[in-house]
Amino acid sequence: MKLTSEKVLVCGAGGFIGGHLVHDLLNNGVNVVRAVDAKPFDTWYQSSEAVENLSLDLRNKDNCYAAAAGMDVVFQLAADMGGMGFIENNKALCMLSVLTNTHMLLAAKDTGVERFFYSSSACVYNGDKQKTADVVPLKEEDAYPAMPEDGYGWEKLFSERMCRHFEEDFGLQTRVARYHNVYGPLGTYDGGREKAPAAICRKVIQAKISGRHEIEIWGDGRQTRSFMYIDDCTKGTQAILESDIREPLNLGSNELVTINQLVDIVEEIAGVKLERKYKLDAPKGVNGRNSDNTKILNSLGWQPSIRLRDGMAKTYEWIESQMLALAR
Ligand code: NAD
């Protein structure tokens, strides 16, 4: 399938990844017909007048049918989600995204959508494989036997299975990416749903603005993660959609860092050195997680192209511009 000859719907288009995806699709000459998000239109991170923009709650089945009508391709990114602080304290809310996924799949099947993309997560992986900071990168098969992140991860794994069975039983072609920590400009950086890269940028900028040269770090800072820049994510998402790969694929960076190293990077970008205060009882997620990209590299030739230092500099710059504008 070539996206340029299809009519495309993006769900969750008012959010971070959805907003970037709509823009990248349009830049690539794709006919993005419709963009949908539950948020009021004026709060979307990005929007385009070239597209029909609808503010609809996709937990509602009728809204899903209205969104899917006339579309060939659906990118389903709408979900109630956030960083560890959000998903550990809002398990039921995260699991309720199952309504959105169920109703969007049904609507896609019944309105004749050809292909459905689902944004799953590295949170589907078995927790036993992520107990130490010195992790072996996760391969796709490591999701089973299942012991995902409670709440959010179980919902993602269940919805992956629904995609699989909608394809097997109903013939709706489905494609699934397991995103590993995506970051970049034009996303959440405060309010409780932000993830580590944006949160650390915000804290460093706050320290600079206030002159209080200290930073609170969740956990002991030795937990390891990899972070994928948004441009790599949107590119990989389109490659997976166009591909013939029916099994979930990792889409992430394999540049592993500790949270302390991530703070080092941001301090260096900001030109400050802060006193670190470790909050050991804060939500910190698994001890270590990295993405094994062998499958996607071998099948689609995709690999992350943007180094963490470079992506973080762009992210920092955007968050700083937002915070300085608010401070004025
Ligand atoms: P985001 O919160 O910025 O975007 C999600 C959007 O979905 C939001 O704008 C929200 O308003 C919208 N939404 C939520 N419920 C809705 C509903 N009922 N109807 C319509 N819209 C609704 O998050 P994001 O980072 O852009 O994530 C996009 C997708 O990627 C999500 O499914 C998320 O679980 C997945 N994912 C993201 C990451 C990451 O690091 N950002 C990692 C793994 C998976």
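**Helix α1, the domain interface and the loops around them**

The buried residues of helix α1 pack against a set of elements that come from many parts of the chain, namely the strands β1 (7-11), β2 (31-37), β4 (73-76), β6 (173-179) and β7 (182-183), together with helix α8 (230-242). The model described here is a predicted one, and every value quoted below should be read with that in mind. The residues of α1 that count as buried are F16, I17, G18, G19, H20, L21, V22 and L25. The length of the helix can be checked against its geometry: α1 has 12 residues (16-27), which at 1.5 Å a residue should span 16 Å, and its end C-alpha atoms lie 17 Å apart, so the expected and modelled lengths agree. After α1 comes G29, a residue whose phi is positive, near 80 degrees.

From this helix one can move outward to the division of the chain. The domain assignment places residues 3-182 and 229-251 in domain 1, and residues 183-225, 256-289 and 307-327 in domain 2. The centres of the two domains, taken over C-alpha atoms, are separated by 26 Å, and where the domains meet, 26 residues of domain 1 are in contact with 25 residues of domain 2. The size of an interface is often given as the accessible area lost when the parts come together. For domain 1 and domain 2 the buried area is about 2,200 Å², and carbon and sulfur atoms give 55% of it. On the side of domain 1, Y45, N181 and Y229 supply 27% of the area buried against domain 2, which is more than any other three residues.

The polar part of the interface can be described in similar terms. Between domain 1 and domain 2 the count is one salt bridge, while 11 residue pairs are found in polar contact across the interface. On the domain 1 side that touches domain 2, the elements giving two or more residues are α1 and α3 (84-89), and of these α3 gives the most, with five residues. Helix α1 thus appears again here, as one of the elements on that side, in addition to having buried residues that pack against several strands and α8.

N181, one of the three residues named for the interface area, also deserves attention for its backbone. Most residues other than glycine have a negative phi, and most peptide bonds are trans. In N181, by contrast, phi is positive, near 35 degrees, and the residue lies in the loop between β6 and β7. Its relative accessibility is 19%, and because the limit for a buried residue is under 20%, N181 counts as buried. L186 likewise has a positive phi, near 60 degrees, and is found in the loop between β7 and α7 (196-210). With a relative accessibility of 23%, L186 counts as partly exposed.

A further backbone feature is the peptide bond from Y144 to P145, which is cis, with omega near 0 degrees. P145 is placed in the loop between β5 and α6, and M147 lies in the loop between β5 (115-121) and α6 (152-170). M147 is partly exposed, with a relative accessible area of 45%; leaving aside residues up to four places away in sequence, it touches Y125, N126, G127 and W154. M147 and R328 are 181 residues apart in sequence, and their C-alpha atoms are 47 Å apart in space.

Finally, there are the charged side chains. Side chains of opposite charge can pair when their charged atoms come close. The count for this model comes to 22 salt bridges. One of them joins R193 to D80, with the closest N and O atoms 2.9 Å apart. Another joins K131 and D128 at 3.1 Å, N to O, and both of these residues are exposed. In R164 and E168 the closest N and O atoms are 3.2 Å apart; because these two residues are four apart in helix α6, about one helical turn separates them. R164 itself is partly exposed, at 35% relative accessibility. D281 and K279 meet in a salt bridge at 3.3 Å, N to O, in which D281 is exposed, with a relative accessible area of 64%, whereas K279 is partly exposed, at 33%. Salt bridges with shared partners also link D264, E267, K273 and R276 into one network.

Notes:
Residues numbered from 1 in each chain as written. Predicted model: local features only at pLDDT ≥ 70, side-chain atom pairs only at ≥ 80, totals over all residues. Heavy atoms only, no water. Expected span 1.5 Å × (residues − 1). Buried < 20%, exposed > 50% of the residue type's maximum accessible area, 1.4 Å probe, protein only. Contact = heavy atoms within 4.5 Å. Domains from an automatic or database assignment. Buried area = accessible area lost by both parts, 1.4 Å probe. Salt bridge = Lys/Arg side-chain N within 4 Å of Asp/Glu carboxyl O. Polar contact = N/O pair within 3.5 Å; in protein donor to acceptor, adjacent residues only side chain to side chain.
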